[in-house]
Amino acid sequence: LFDGVYPFYPQQRKAAVFDISTIIVIVVFLTLACSFLLIIPGIRGRARWYWTLRVLLSLFVGVVIVVVQFTGDWETGWVQANTSYKSFSPVQVNADIGLHIGLAGVNVTLRGNPVQQINETINYNEHFPWNFGADYDRSYSQGLEKGLPSPILYVAEKFTTQSPCAVHRQYRIAGHYASAMLWVAFCTWIISNILFSMPVLIYGGYMLLVTGAFMIFSLLSFSTVRNSPMCVIQIGTRTLHVAYGGSFWLMVAIGLLCFLAGITIVAMHYLNLDLLKTFFDLREDKAEEHQETPEVLINPHFVNNGL
């Protein structure tokens, strides 16, 4: 043992909701946000606050679109129960069993109450992928070979291709199309920012509406899993129920935000264009472009010489 860890064996799998890919995405967008904050003092007047609001909101939308691709809490469920710990053993433990369903797979969590029971540390988190290119059944078979606790194997077995529940294909295809819709939404988000910077405000507003529409399409794609009735997950005397998780509701909020922003920009373009240009810091530049010189200074020397 090295600090209580076997150094030559695989370590614990990624966390149910927060993993390395999520950290990388957040760090990239935080770097962009910090870079912008460094140049804020160079923007004068009220335009500084308009720029800050626009940029930070836009970065927040972008980071959410990418991060939810890697989170595992589109659907979640927890239950606390007394359950058997190992196969062919009558020993029971009191534990929290969690199910976290994402676009690319499922995480099953087992945490003892307390963590130390029957001379063992009961704190497991196992990831079983079903994205295209991954073999869910093979991951489940590897879990059997490793001798994972019975509650984890029982929950994971519900999502195998051979399970009578028959939900594997539905979740896999729904997650795939939801992910594809989100990547399209990310592309339209980039296009909207380009249009705002050109600036073509009305078309930027239209692209925000398209971004929100693809977010809603991704939610509808994932919601199709409810068309397949979920098998009862009975653990001990308790039943594990799943419901929409934080990532799903966050996407609902961001999609509605894009719709609201897009509709506002399009409406302001037709109702109050000057106010819209002021918010995007364009009115002053436009005024300077068309400004007429109120006073002309003439050199008398050139006038007297007939020049």
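In this predicted model, the stretch of residues 202–222 is 100% helix and 0% strand, and its end C-alpha atoms lie 31 Å apart. Residues 91–110 give another picture, since that span is 0% helix and 80% strand, with its end C-alpha atoms 16 Å apart. Both stretches appear in the unreviewed UniProt entry under "transmembrane region", where the listed residues are 20–39, 51–71, 91–110, 177–196, 202–222 and 242–271. The annotation may be inferred rather than shown by experiment, and a reader can set it beside the helix and strand content just given for residues 91–110 and for residues 202–222.

The strands come next. Five of them make an open sheet in the order S4-S3-S2-S1-S7, and their pairing is antiparallel. The edges of this sheet are formed by S4 and by strand S7 (243–244), each of which pairs on one side only. Within the sheet, S1 and strand S2 (residues 92–101) are joined in the antiparallel sense over 10 bridges, and Thr83 has Val93 in S2 as its bridge partner. Against the sheet packs helix H4 (residues 150–157), which touches S1, S2, strand S3 (105–117) and S4, and whose direction makes about 160° with that of S3. In general, the strands of a sheet pair through backbone hydrogen bonds, in either a parallel or an antiparallel manner.

A closer look at one edge strand leads to Phe128, which lies in strand S4 (residues 120–129). Is Phe128 buried or exposed? Its relative accessibility is 2%, and because buried means under 20%, Phe128 counts as buried. Leaving aside residues up to four places away in sequence, Phe128 touches Gly105, Val106, Val108, Tyr136, Ser139, Tyr140, Leu148, Ile152 and Ala156. Gly143, by comparison, is 15 residues from Phe128 in sequence, and the two C-alpha atoms are 9.2 Å apart in space.

The aromatic residues offer another way through the structure, which holds 17 aromatic pairs. In one of them, the ring centres of Trp74 and Phe248 are 6.3 Å apart and the ring planes stand at 75°, so the pair is edge-to-face. Trp74 belongs to the loop between helix H2 (47–67) and strand S1 (75–84), while Phe248 belongs to helix H7 (residues 246–271), so this pair ties together parts that are 174 residues apart in sequence. Both partners are buried, Trp74 with a relative accessible area of 0% and Phe248 at 6% relative accessibility. Phe128 also takes part in an aromatic pair, with Tyr136, and this pair is tilted, at 5.9 Å centre to centre and with 50° between the planes. Tyr136, like Phe128, is buried. Ring pairs link these residues into a cluster made up of Trp74, Phe128, Trp130, Tyr136, Phe159, Tyr171, Phe222, Tyr244, Phe248 and Trp249. Another ring, that of Trp51, has Arg54 lying over its face, at 4.4 Å from the ring centre.

The loop between H2 and S1, which holds Trp74, also contains Gln69. At 7% relative accessibility Gln69 counts as buried, and its contacts, not counting residues up to four places away in sequence, are Leu103, Ser179, Leu182 and Trp183.

Some details of the backbone remain. Which peptide bonds leading into a proline can be named as cis? One runs from Asn113 to Pro114, with omega near 0°, and Pro114 is found in strand S3. Another runs from Met198 to Pro199, with omega near -5°, and Pro199 lies in the loop between helix H5 (168–197) and helix H6 (201–223).

Positive phi values also occur in residues other than glycine. Asn119 has a positive phi of about 60° although it is not a glycine; Asn119 sits in the loop between S3 and S4 and is exposed, with a relative accessible area of 83%. Ala166, in the loop between H4 and H5, has a positive phi as well, near 55°, and at 54% relative accessibility Ala166 counts as exposed, because the threshold for that word is over 50%.

How values were computed. Residues are numbered from 1 along each chain as its sequence is written. This is a predicted model: local features need pLDDT of at least 70, side-chain atom pairs count only at pLDDT 80 or more; totals for chains, interfaces and linings use all residues. Side-chain values use heavy atoms; hydrogens and water are left out. Helices (H or I, at least four residues) and strands (E, at least two) are DSSP runs, numbered from the N terminus. Buried means under 20% relative accessible area, exposed over 50%, partly exposed in between (1.4 Å probe, protein chains only). Contact means heavy atoms within 4.5 Å. Rings of Phe, Tyr and Trp (its six-membered ring) pair if their centres lie within 6.5 Å; planes under 30 degrees apart count as stacked, over 60 as edge-to-face and the rest as tilted. A charge sits over a ring if NZ of Lys or CZ of Arg is within 6 Å of the ring centre and within 35 degrees of the ring normal. Two strands pair if DSSP finds at least two bridges between them. Axes are lines fitted to C-alpha atoms, for helices over the stretch in contact, and angles run from 0 to 180 degrees between N-to-C directions.
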